[in-house]
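Good morning, colleagues. Please bring up the structure on the screen, and I shall take you through its packing step by step.

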Amino acid sequence: MITSNLLNASYPEPDVYNALSMPIYHSVAFEFDTAEEMEAAFMGQAKLYTYSRISNPTVEHFEERIKVLSNGKFVTAFASGMAAISNTFMCIAYTGANIVTTTRLFGNTFSFFKSSLEAFGVEVRFCDLLNMAEVERMIDGNTCAVFTEVLTNPHLEVPDLSLLSATAHKHGVPLIADTTLMPWTAWAAADFGVDLEIVSTTKYVSGGGTSLGGVVVDHASFDWSNSFRLKPIAHIAPQDRFNFKLRSEMMRNLGATMGPQTAYMQTIGLETLDLRFKKAAATCLALAQFLQTLPEVKTVGYTGLSTNCFHKLSVRQFGSLPGAMLTFCLENRAACYAFMNRLKRIRRATNLFDNRSLIIHPLSTIYGTLSEENKQLVNVPDGLLRLSVGLEDSELLKADILQALNKR
Ligand SMILES: *Cc1c(COP(=O)(O)O)cnc(C)c1O
């Protein structure tokens, strides 16, 4: 159904040649017949394109398709997932503000909060987002957001989003969630009180790992009237303040716009998202069950396993297939390296949800350059491997794992 609806969504303006897919409008500037028309476009009085850092038809088409999938009210595309995250916080954070979050974060998000934002006087308050009393103690009058990943990478913890949003909303604070690890086709974050979704479309959406991209999906569920940064524009955009500032100020001034070529490739990616996700996630569950049976494997992280401590909550929020990424621990780093070096099908590469299965040793790579103190904070075991499951046959992947453990 989801895929069919998406394939059926049409363009606002048909292409002059009747192209079946949205053409790539690879032009920086758009021309006007008259100076008056040009003025109207620049004043936002006419819906016309002016300059591709501000808007572009191919990128807008991608955003419209994501609206169909996510049920979001506003969707804004960026050059990468990190651009989507940084632009969001540039909109709402200010010197003296704080962000309530956890250390269980994607490496660059952690570093953006800890290094980039703290330099501007934004305080990052790390706490246990699974513990509501602690979250409540952290929130005060200067908290600009509670931020979480819905399935943390690589710890694979699952916060109870309904509880977390109720706690944030009680204090007039929005819940912003990075939903990169669970695609829109599988669940609806807004049903659990998420106000803004941030997604690295580099991952599931692009599919073949073709391009970097990110989106902010605004469900327009949060009332920003008390937001320090958004108050001054209340008269311009009472209904969609956040989205207005994100688009008309951050995107234009910071310039991390998605390019039309990327938008084209990722629009094609969206069309197969549901199919790819179901296949990869089913294989991931099969591999998690298989890894659990191997004595060399100390622990397996996948919330789809009935033995996982987040299983019930994970089923309630995400359904029975919570993604296509799992983690597992071998004896130590040396065992991980030996295993990785013997793999023949599973590829040694970073990225998630490529069509190929990818493996990485997070502590020595993603977290490799962190200070000892920050390494302690993120707490990733030295024997941990992260496997992103692709579209290969599960039996072939199992055989590759067995031979790499020197069992065949
Ligand atoms: C990859 C990733 C990002 C960053 O996305 P980029 O497109 O690489 O900038 C952010 N959050 C999560 C959970 C990710 O996996």
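I shall discuss two sheets, the helices that pack on them, and one salt bridge. Please keep in mind that we are looking at a predicted model.

Let me begin with the open sheet of 7 strands. Its strands follow the order β1-β7-β6-β5-β4-β2-β3, and the pairing is mixed. At the edges stand β1, residues 74-78, and β3, residues 123-126; each has a single partner strand, so one side of each is left without a neighbour in the sheet. From one strand to the next, the twist averages 20 degrees.

Consider the edge at β3 in more detail. Strand β2, residues 98-101, runs parallel to β3 and is joined to it by 4 bridges. Within this pairing, which residue of β3 stands opposite I99? It is V124. A helix also packs on this sheet: α5, residues 107-117, touches β2, β3 and β4, the last of these spanning 143-149. The direction of α5 makes about 140 degrees with that of β3.

I turn now to the second sheet. This one is open as well, with 5 strands in the order β8-β9-β12-β11-β10 and mixed pairing. Its edge strands are β8, at 299-301, and β10, at 347-348, and each of them pairs on one side only. Between β8 and β9, residues 325-329, the pairing is antiparallel and extends over 3 bridges. Here T299 has C329 of β9 as its bridge partner.

Two helices lie across this sheet. Helix α9 crosses β8, β9 and β12, the last at 384-388, and runs at about 10 degrees to β9. Helix α11, residues 333-342, lies across β9, β10, β11 and β12, at about 30 degrees to β12.

Helix α9 deserves a further look, as it also packs against other helices. As a general matter, two packed helices are described by the angle between their axes and the distance between the axes.

The first partner is α3. Helix α3, residues 57-70, and helix α9, residues 260-292, have axes 8 Å apart and pack at an angle of about 25 degrees. Angles under 35 degrees count as roughly parallel, and α3 and α9 are therefore roughly parallel to each other. Their crossing is left-handed. On the α3 side the contact residues include F62, I66 and L69, while those of α9 include Y264, L270 and L273. Sorted by class, this contact holds 9 nonpolar, 4 polar and 2 charged residues.

The second partner is α13, residues 394-404. Its axis lies 10 Å from that of α9, and the two helices pack at an angle of about 35 degrees. Here the crossing is right-handed. From α9 the contact is made by T283, A286, L287, F290 and L291, and from α13 by S394, L397, K398, I401 and L402. By class, 7 of these residues are nonpolar, 2 are polar and 1 is charged.

Finally, I come to the charged pairs. Side chains of opposite charge can pair when their charged atoms come close. How many salt bridges are counted in this model? The count comes to 15. One salt bridge involves E63 and R247, whose closest N and O atoms are 2.7 Å apart. This pair links distant parts of the chain: E63 belongs to helix α3 and R247 to helix α8, residues 241-254, with their positions 184 residues apart in numbering.

That concludes my presentation, and I thank you for your attention.

Key
Residues are numbered from 1 along each chain as its sequence is written. This is a predicted model: local features need pLDDT of at least 70, side-chain atom pairs count only at pLDDT 80 or more; totals for chains, interfaces and linings use all residues. Side-chain values use heavy atoms; hydrogens and water are left out. Axes are lines fitted to C-alpha atoms, for helices over the stretch in contact, and angles run from 0 to 180 degrees between N-to-C directions. Angles under 35 degrees count as roughly parallel, over 145 as roughly antiparallel, 65 to 115 as roughly perpendicular and the rest as oblique. A crossing is left-handed if the near helix is turned anticlockwise from the far one by less than a right angle, and right-handed if clockwise. Contact means heavy atoms within 4.5 Å. Ala, Val, Leu, Ile, Met, Phe, Trp, Tyr, Cys and Pro count as nonpolar, Asp, Glu, Lys and Arg as charged, and the others, Gly among them, as polar. Two strands pair if DSSP finds at least two bridges between them. A salt bridge is a side-chain nitrogen of Lys or Arg within 4 Å of a carboxyl oxygen of Asp or Glu.
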